[in-house]
Amino acid sequence: SAYCRLEQKRLLDLLPKDLNSYLSEITKINRSRNQALLQQVKELSEIFNTHNINHVFIKGCALLAAGYFKDYAERLIGDIDLLVEPTDLYKAEQLLLNLNYVASKTTLFGKYKRHRHLPRLVHPDRLGAVEIHSKILRKTIPEVLNPEKILEHKIILNNVYVPRAESNTDILILNEQVNDFGYVFKFVNFKACYDSLVLEQLQSTNGTTS
């Protein structure tokens, strides 16, 4: 994202030539990767819509799919995270298993244990590992990131279901603080900060949280 911002502000000539070249190459690779991930997100969206699975993409891939970044290369994205209706959880998993996705750690948590997501699903011909969530936080906090409310108030952007910008901000911050133990170790995650800044600017521009 630093390279993209410097490029947008026309400040790349201030970088040493070798660093400029190195960052340029990494950015190109990440741009290409994110474009492939976006295509995978759209493919998953179409599959779940066809089978009437109530879902919404969350975290980094939601920002990418919604078009919130000025450049596809701005953000490093790992997994494709999506939240589904709890009653659709194993239907969604089985659907992807039938499409040649494979569980990376078979029954790691057990199907009847209350982990927030199923084991990652990977596909031999796709870049992104898919994590299907039934909840977002590793522990229940009353009235905070209620999955039913997030699904109820989801919006559609670029033919993909994503949370409202306000909800996505909460997801990004609380995922870092609760799931990644940010509140315990007292550290700041710059990725979460950057995503929050992107969403804040979006809301300020639009004058809305939707």
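The following exercises, each with a worked solution, concern the predicted model shown above.

Residues are numbered from 1 along each chain as its sequence is written, and side-chain values use heavy atoms, with hydrogens and water left out. Because the model is predicted, local features need pLDDT of at least 70 and side-chain atom pairs count only at pLDDT 80 or more, whereas totals for chains, interfaces and linings use all residues.

**Exercise 1. The chain as a whole**

Task: Describe the secondary structure, the burial and the contacts of the protein chain.

Solution: Begin with the secondary structure, which comes to 8 helices and 7 strands; here helices (H or I, at least four residues) and strands (E, at least two) are DSSP runs, numbered from the N terminus. Next take burial: of the 210 residues in the protein chain, 43% are buried, where buried means under 20% relative accessible area, exposed means over 50%, and partly exposed lies in between (1.4 Å probe, protein chains only). The accessible surface, from the Shrake-Rupley method with a 1.4 Å probe and, for residues, with only the protein chains shown counting as cover, is about 11800 Å², and carbon and sulfur atoms account for 53% of this area. Finally, a contact means heavy atoms within 4.5 Å, and among contacts between residues at least 6 apart in sequence, 67% join residues at least 24 apart.

**Exercise 2. The nonpolar cores**

Task: Identify the elements that supply the largest nonpolar core, and then examine Tyr68 and helix H3.

Solution: A nonpolar core is a set of buried Ala, Val, Leu, Ile, Met, Phe, Trp, Tyr and Cys residues joined through side-chain atoms within 4.5 Å. The largest such core has 38 residues, and those with the most contacts inside it are Phe48, Phe57, Tyr68, Ile80, Leu96, Val130 and Ile132. At least two residues of this core come from each of H2, helix H3 (59-66), strand E2 (80-84), helix H4 (89-98), strand E5 (130-133), strand E7 (160-162), helix H6 (165-179) and helix H8 (190-206). A second, separate core has 10 residues, among them Ile58, Ile136, Ile150 and Val178. In soluble globular proteins, nonpolar side chains tend to be buried together.

Turning to Tyr68, and setting aside residues up to four places away in sequence, the residues that it touches are Leu63, Ile155, Leu157, Ala165, Val198, Leu199 and Leu202. As for H3, 8 of its 8 residues are buried, so this helix is largely enclosed by the rest of the structure. Its buried residues include Cys61, Leu63 and Leu64, and the helix is followed by Gly67, which has a positive phi near 80°.

**Exercise 3. Leu145 in its loop**

Task: Establish whether Leu145 is buried or exposed, and list its contacts.

Solution: Leu145 belongs to the loop between E5 and helix H5 (147-152). With a relative accessible area of 12%, Leu145 is buried. Apart from neighbours within four places in sequence, its contacts are Ile136, Leu137, Ile150, Ser167, Asp170, Ile171 and Leu174. In the case of Asp170, which is 25 residues from Leu145 along the chain, the C-alpha atoms of the pair are separated by 7.3 Å.

**Exercise 4. Two neighbours in helix H2**

Task: Work out how Leu19 and Asn20 are placed.

Solution: Leu19 is in helix H2 (residues 17-50), and Asn20 also lies in helix H2. Leu19 has 34% relative accessibility and therefore counts as partly exposed, whereas Asn20, at 18%, counts as buried. Leu19 joins Tyr22 and Ile26 in a nonpolar surface patch of about 280 Å². Asn20, leaving out residues up to four places away in sequence, touches Tyr3, Leu12 and Leu15.

**Exercise 5. The salt bridges of Arg120**

Task: Trace the network of salt bridges that links Asp79, Arg120 and Glu131.

Solution: A salt bridge is a side-chain nitrogen of Lys or Arg within 4 Å of a carboxyl oxygen of Asp or Glu, and the structure holds 6 of them. In one, the closest N and O atoms of Asp79 and Arg120 are 3.0 Å apart. Asp79 lies in the loop between H3 and E2 and Arg120 in the loop between strand E3 (102-103) and strand E4 (121-122), so this pair ties together parts that are 41 residues apart in sequence.

Arg120 also meets Glu131 in a salt bridge (2.8 Å, N to O). Because Glu131 lies in strand E5 and Arg120 in the loop between E3 and E4, this pair ties together parts that are 11 residues apart in sequence. Asp79 is buried at 19% and Glu131 is buried at 7%, while Arg120, at 40% relative accessibility, is partly exposed.

How values were computed. Patches are made of residues with over 30% relative accessible area and no salt bridge: like charges are joined within 9 Å, nonpolar side chains (Val, Leu, Ile, Met, Phe, Trp, Tyr) within 5 Å.
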